[in-house]
Amino acid sequence: MRPPASTPRHLAEILADSGAVPAEWADAIAVVPRELFLPDVVEAGDEVISRSGSPERWLAAVYDDVPLTTQINDGRALPDGAYRLPTSSSSMPSVMLEMLGLLDVAEGHRVLELGAGTGYNAGLLAHRLGSGNVTTVDIDPVLVERAAANLRAAGLRPRVVCGEGEEGWPGGAPYERVIATYTVPEIPYAWVEQAPAGRIVAPWGGSFFSHSFAVLDVADGEAHGRFSGYPAFMRTRTGRPPRGYLSDFLHHTDEDTPSRTALSPLAITGDADAQFFVGLGVPDAWHLLVDADDASGEATWWLLADDGKSWAAAEYVPGGDTEAGSDRTYTIGQYGPRRLWDEAERAYRSWESHDRPSRDRAGLSVARTGQHVWLDDPSNVVG
């Protein structure tokens, strides 16, 4: 007999049916009530769901394998029509479990979590390891207060502190495990220092490509590891570049420098491995593929610098081979102090020169002097 819908055990069965629950986390998922960690209003995709207005729909969303946005624009009120940036959420449970599986905790491990959010992930850790072994940090004092209250409501009392996640929490060190629930472009060395013989798991990447878990083991003052998964997490608030509508980043559109290229923009957008390696060369620009609205199959790939000073546009028109190496050419326009398409194409050609390696051949090393990405071996630095 299946458990009632809209309960922790129902969520546990949904996840078990999809093979998403590591055996060691099955009890935590089935016992810790996710509903205690969610506010009265959540967003599931484009749907805004109110607990008071639609209690059954709210509970169904809470106990489904979906991410739920819980904060927009750092909690600030903005005028109608302003860009809405999600800044806190309860992550998709299956992705949370993927990350917790990579963390590989064991009884007695002390865990530092960066990014308390709603407190639900810390609650799973506290249920599994005991509250005294879990510390969770968040930069937002409002979220810290709410997470602590949510955890108390669930009968759990890990340490919940307000601080800069990139600084870790030295007061509780050393830790056996460090986990971040937001994306970082660099692994802070403070995390390495505070887990001197442990493991670090964090969503990693820059603006161009941020869909990787970095899984690093620490020894002798350095951390080394590889990448896995394709997560989509919010970015750290520390040094977070501005985001907005495409129109917010476009300017001087009649002053671009035109050129042509044999590289189809779809050769980049359609290949996650290509995007990972191009992202090493262009970490501080984001991209957007905009399809024409006339069903022609045409599209424009926009590449926009984080600082807003430079942009590039690559025009795709169907009608032949879209892969690199064809004899077709594509129109490019670039504006600003940087030639962003040229940077992206150089990074793509470098990836080609290495025989188009997959991301699973890449790794990350972090030392006091900084971090670097390597291919096959830590001595073969590529980014």
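This passage describes two loop residues and one helix in a predicted model.

The residue G19 is found in the loop that runs between helix α1 (8-17) and helix α2 (26-31). Its relative accessibility is 63%, and because a residue is called exposed when this value is over 50%, G19 counts as exposed. Although G19 and S94 are 75 residues apart along the chain, their C-alpha atoms are separated by 9.1 Å in the model.

A second loop, between strand β11 (222-228) and helix α8 (246-249), holds T236. The relative accessible area of T236 is 4%, and since the cut-off for a buried residue is under 20%, T236 is classed as buried. When neighbours within four places in sequence are left aside, T236 is in contact with E166, together with Y182, T183, V184 and P185. Within its own loop region, the side chain of T236 reaches the backbone nitrogen of T238, at a distance of 3.1 Å.

Helix α11 comprises the 14 residues from 340 to 353. At 1.5 Å a residue, a helix with this number of residues should span 20 Å, and the C-alpha atoms at its ends are indeed 20 Å apart, so the expected span and the span in the model agree. The buried residues of α11 are L340, W341, E343, A344, E345, A347, Y348 and W351, a list that includes the aromatic residues W341, Y348 and W351 as well as the acidic residues E343 and E345. Just after α11, the backbone at D355 takes a positive phi of about 65°.

Conventions. Residues are numbered from 1 along each chain as its sequence is written. This is a predicted model: local features need pLDDT of at least 70, side-chain atom pairs count only at pLDDT 80 or more; totals for chains, interfaces and linings use all residues. Side-chain values use heavy atoms; hydrogens and water are left out. Helices (H or I, at least four residues) and strands (E, at least two) are DSSP runs, numbered from the N terminus. Buried means under 20% relative accessible area, exposed over 50%, partly exposed in between (1.4 Å probe, protein chains only). A polar contact is a pair of N or O atoms within 3.5 Å; within protein, one must be able to donate a hydrogen and the other to accept it, and residues adjacent in sequence count only if both atoms are side-chain atoms. Contact means heavy atoms within 4.5 Å. The expected span of a helix is 1.5 Å times one less than its number of residues.
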